[in-house]
Amino acid sequence: MPFLVISFLASLLAALLVIHSAERHGHRSADHDLDGPQKFHFRPVPRIGGIAVFVAILAGALLAQLSGEADRHEIWLLIVSGLPTFTFGLAEDLTKSVSPRRRLFFTAVSAGLAIYLLGGVIHRTTIPGVDHLITITPFAIALTILVVTGVANAINIIDGFNGLASMCVLMMVASIAYV
């Protein structure tokens with residue numbers, strides 16, 4: 001429970017700092033282009049909210065490190081795996097010049113790093129035919145990269161509408177926790 005509280009407080013503080021800094025630095029970090037199919041805002045909003053999520057993850061990892069949690073090494077490897085996605089996502093938020101193809105590629109790189117560093121591969125889907133294919137390692141790796149990249153991209157697509165992405169992710173995580 002302390003991990004959730006510390007992570008939440010760190011994320012809240014980071015989010016408040018991002019929102020406060022938007023008043024001064026909004027010309028760099030806010031979305032001023034309000035026309036588009038995924039634009040639901042009436043005024044410019046900060047695009048760099050991912051920083052608050054990353055700060056929360058780092059706070060939880062630091063607490064795990066300091067408390068001597070058994071999984072602390074894997075947590076740091078997971079953070080390292082996510083760095084390509086975070087870096088290029090943040091670069092897109094700040095510059096708006098990173099192509100979707102490049103962001104998708106680096107999300108796949110992050111998934112590949114997680115597979116390599118943590119051995120995180122999908123082994124079972126209960127989808128007829130697919131379970132037989134993923135007994136072959138290259139197919140399992142390809143499916144895992146496709147799923148991780150696809151889910152990350154899907155969340156990124158719905159992120160333009162206030163609260164929609166966070167509520168969807170909350171439902172996903174609650175479903176995984178239930179299972």
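In this predicted model, helix 6 buries Ala140, Leu143, Thr144 and Thr149. The cover over these buried residues includes helix 4 and helix 5, the latter at residues 130-133. Helix 6 itself covers residues 137-157, which makes 21 residues. At 1.5 Å a residue the expected span is 30 Å, and the C-alpha atoms at its two ends lie 30 Å apart, so the expected and computed spans agree. An α-helix has 3.6 residues a turn, so residues three or four places apart point the same way.

Thr107 belongs to helix 4. Its relative accessibility is 10%, and because the cut-off for a buried residue is under 20%, Thr107 counts as buried. Beyond its neighbours within four places in sequence, Thr107 touches Thr85, Val148, Thr149 and Ala152. Thr149 is also one of the buried residues of helix 6. The side chain of Thr107 further reaches the backbone oxygen of Arg103, at 2.8 Å.

A nonpolar patch lies on the surface, formed by Leu78, Val80, Leu83, Tyr116, Leu117 and Leu118. Together these residues have about 550 Å² of accessible area. Helix 3, residues 72-95, and helix 4, residues 100-118, each contribute at least two residues to the patch. Leu78 sits in helix 3. With a relative accessible area of 51%, Leu78 is classed as exposed, because the cut-off for that class is over 50%.

Two residues, one from each of these helices, are set side by side below.

| Residue | Relative accessible area | Class |
|---|---|---|
| Leu78 | 51% | exposed |
| Thr107 | 10% | buried |

For the chain as a whole, the secondary structure consists of seven helices and two strands. Read from the N terminus, the order of elements is α-β-β-α-α-α-α-α-α. The chain has 179 residues, and 22% of them count as buried. Its exposed area is about 12200 Å², of which carbon and sulfur atoms supply 71%. Among contacts in the chain with a separation of 6 or more, 54% join residues 24 or more positions apart.

In short, helix 4 has a part in both settings described here: it is among the elements that cover the buried residues of helix 6, and it supplies at least two residues of the nonpolar patch.

Notes:
Residues are numbered from 1 along each chain as its sequence is written. This is a predicted model: local features need pLDDT of at least 70, side-chain atom pairs count only at pLDDT 80 or more; totals for chains, interfaces and linings use all residues. Side-chain values use heavy atoms; hydrogens and water are left out. Patches are made of residues with over 30% relative accessible area and no salt bridge: like charges are joined within 9 Å, nonpolar side chains (Val, Leu, Ile, Met, Phe, Trp, Tyr) within 5 Å. Accessible areas come from the Shrake-Rupley method with a 1.4 Å probe; for residues, only the protein chains shown count as cover. A salt bridge is a side-chain nitrogen of Lys or Arg within 4 Å of a carboxyl oxygen of Asp or Glu. Helices (H or I, at least four residues) and strands (E, at least two) are DSSP runs, numbered from the N terminus. Buried means under 20% relative accessible area, exposed over 50%, partly exposed in between (1.4 Å probe, protein chains only). A polar contact is a pair of N or O atoms within 3.5 Å; within protein, one must be able to donate a hydrogen and the other to accept it, and residues adjacent in sequence count only if both atoms are side-chain atoms. Contact means heavy atoms within 4.5 Å. The expected span of a helix is 1.5 Å times one less than its number of residues.
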